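Please open the model in your viewer, with the sequence panel beside it, and keep a selection tool at hand. The tour moves from one selection to the next and says what is to be found at each stop.

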Amino acid sequence: MHRLLMIEDEARIRDFVVPYLRKAGFEVDQADNGPEGLEMAQSGKYSLILLDLMLPGLDGREVCARLRKTSAVPVLMLTAKSEETDIVGGFEAGADDYLTKPFSPRELTVRVKAIIARCYPENKGAAVTAGPLALDTDAQQAALDGKPLSLTPKEFDLLLLMARYPNKTFSRDRILTDVWGYENAAAGDARTVDTHVKQLREKLGEHRGLLATVWGKGYKLDENYHSSVAAD
Ligand code: CA
């Protein structure tokens with residue numbers, strides 16, 4: 001189940017919208033000011049952040065910009081203003097989409113579902129695949145060349161993160177944040193990532209080249225690698 005965070009200072013709007021989102025099958029947490037909302041959003045627990053623009057403490061744009069330093073979680077900006085500058089400002093701060101007030105709970109729910117479907121395509125039931133690798137996110141099971149691959153939960157999450165974005169380079173910090181969570185990442189150690197990559201490569205065997213080192217930057221899942229077998 002997807003958990004959402006609504007950062008909105010007006011209780012009237014939260015009370016109006018939150019029950020509707022829950023009815024649509026989402027878990028919803030709430031914050032009524034910028035700093036608290038930012039801290040909660042950084043926890044890594046949420047699939048989507050609903051972020052009001054005008055907030056006490058820190059405004060929505062600032063919350064979004066700070067959140068983006070450590071997280072790629074989708075952000076739907078809720079704005080009372082429809083002026084172009086506000087919308088552009090929200091996108092510049094890293095928002096993925098925006099909705100202008102007043103909106104109906106139904107409108108918001110439709111938008112939330114669309115973003116979730118776009119950002120978490122595995123929830124349509126399709127496995128994430130990359131080359132010989134197939135990851136079943138519901139069952140948390142991996143297969144290589146159609147054969148089951150025994151992975152620890154962290155190894156699975158690490159592989160899934162990279163398989164979702166083949167050929168994209170992930171820094172060790174980013175991997176720590178996404179796989180181990182922000183709070184652990186802050187105290188974390190990049191060598192944890194290296195150790196897990198090493199273990200994963202051993203399990204990938206002849207397909208170890210799938211997990212490529214990008215010198216000085218991090219790791220990526222290289223879809224264009226050639227396995228030792230393919231080279232035979
Ligand atoms: Ca507000």
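What follows is a tour of a predicted model, beginning with the whole chain and then going through individual sites.

**The whole chain**

Colour the chain by secondary structure first, and you will be looking at 10 helices and 11 strands. The chain has 232 residues, of which 46% count as buried. If you display contacts between residues at least 6 apart in sequence, 56% of them join residues at least 24 apart.

**Strands β1 and β2**

Select arginine 3 and aspartate 29 next, and show their side chains: the two form a salt bridge in which the closest N and O atoms are 3.0 Å apart. Arginine 3 belongs to strand β1 (residues 3-7) and aspartate 29 to strand β2 (residues 27-31), so this pair ties together parts that are 26 residues apart in sequence. Arginine 3 counts as partly exposed, because its relative accessibility is 27%, whereas aspartate 29, at 18%, counts as buried.

**The calcium ion**

Now centre the view on the calcium ion, whose protein donors are Asp9 (OD), Asp52 (OD) and Met54 (O), at 2.1 to 2.3 Å from the ion. If you follow these donors in the sequence panel, their spacing reads D-x42-D-x1-M. With the donors still selected, compare how two of them are placed: aspartate 52 is buried, with a relative accessible area of 3%, and methionine 54 is partly exposed, with a relative accessible area of 49%.

**Helix α3**

Move on to helix α3 (residues 60-67), where arginine 66 and glutamate 62 both lie, four residues apart, or about one turn of the helix. Their side chains meet in a salt bridge of 2.9 Å, N to O. Both residues count as partly exposed, arginine 66 at 37% relative accessibility and glutamate 62 at 34%.

Which residues of α3 are buried? Select Gly60, Val63, Cys64 and Leu67, which are the buried ones to look at here. They cover an arc of only 95 degrees around the axis, which puts them on the same side of α3. This can be read against a general rule: an α-helix has 3.6 residues a turn, so residues three or four places apart point the same way. To see what covers the buried residues of α3, add β1, α2 (34-41), β3 (48-52) and β4 (75-79) to the selection, as these are included in the cover.

Before leaving this helix, zoom in on its start, where a side-chain oxygen of aspartate 59 reaches to within 3.1 Å of the backbone nitrogen of arginine 61.

**Strand β5**

Select aspartate 97, which lies in strand β5 (residues 97-100) and counts as buried, at 16% relative accessibility. Its side chain is joined to that of arginine 111 by a polar contact of 3.1 Å. Leaving aside residues up to four places away in sequence, aspartate 97 touches Val75, Leu76, Met77, Phe91, Arg111 and Ile115, so it is worth displaying these as sticks around the aspartate.**Helices α6 and α9**

Turn next to lysine 203 and glutamate 155, whose side chains meet in a salt bridge of 2.7 Å, N to O. Lysine 203 sits in helix α9 (residues 190-204) and glutamate 155 in helix α6 (residues 153-164), so the pair ties together parts that are 48 residues apart in sequence. Lysine 203 counts as partly exposed, at 34% relative accessibility, while glutamate 155 is buried, with a relative accessible area of 2%.

After this pair, select Glu8, Glu10, Arg12, Asp52 and Lys101, which are joined into one network by salt bridges that share partners. Asp52 will be familiar from the calcium ion, where it is one of the protein donors. Over the whole structure, a search finds 12 salt bridges.

**The aromatic pair**

How many aromatic pairs does the count come to? The count comes to one, and to see it you should select tyrosine 165 and phenylalanine 170, whose rings form a tilted pair, 6.1 Å centre to centre, with 55 degrees between the planes. Tyrosine 165 counts as partly exposed, at 38% relative accessibility, and phenylalanine 170 counts as buried, at 1%. The tour ends at this pair.

Key:
Residues numbered from 1 in each chain as written. Predicted model: local features only at pLDDT ≥ 70, side-chain atom pairs only at ≥ 80, totals over all residues. Heavy atoms only, no water. Salt bridge = Lys/Arg side-chain N within 4 Å of Asp/Glu carboxyl O. Helix = DSSP H or I, 4+ residues; strand = E, 2+ residues; numbered from the N terminus. Buried < 20%, exposed > 50% of the residue type's maximum accessible area, 1.4 Å probe, protein only. Donors = N, O, S within 2.8 Å, 3.2 Å for Na, K, Ca; no water. Arc of directions from axis to C-beta. Contact = heavy atoms within 4.5 Å. Polar contact = N/O pair within 3.5 Å; in protein donor to acceptor, adjacent residues only side chain to side chain. Phe/Tyr/Trp six-rings, centres within 6.5 Å; stacked < 30°, edge-to-face > 60°.
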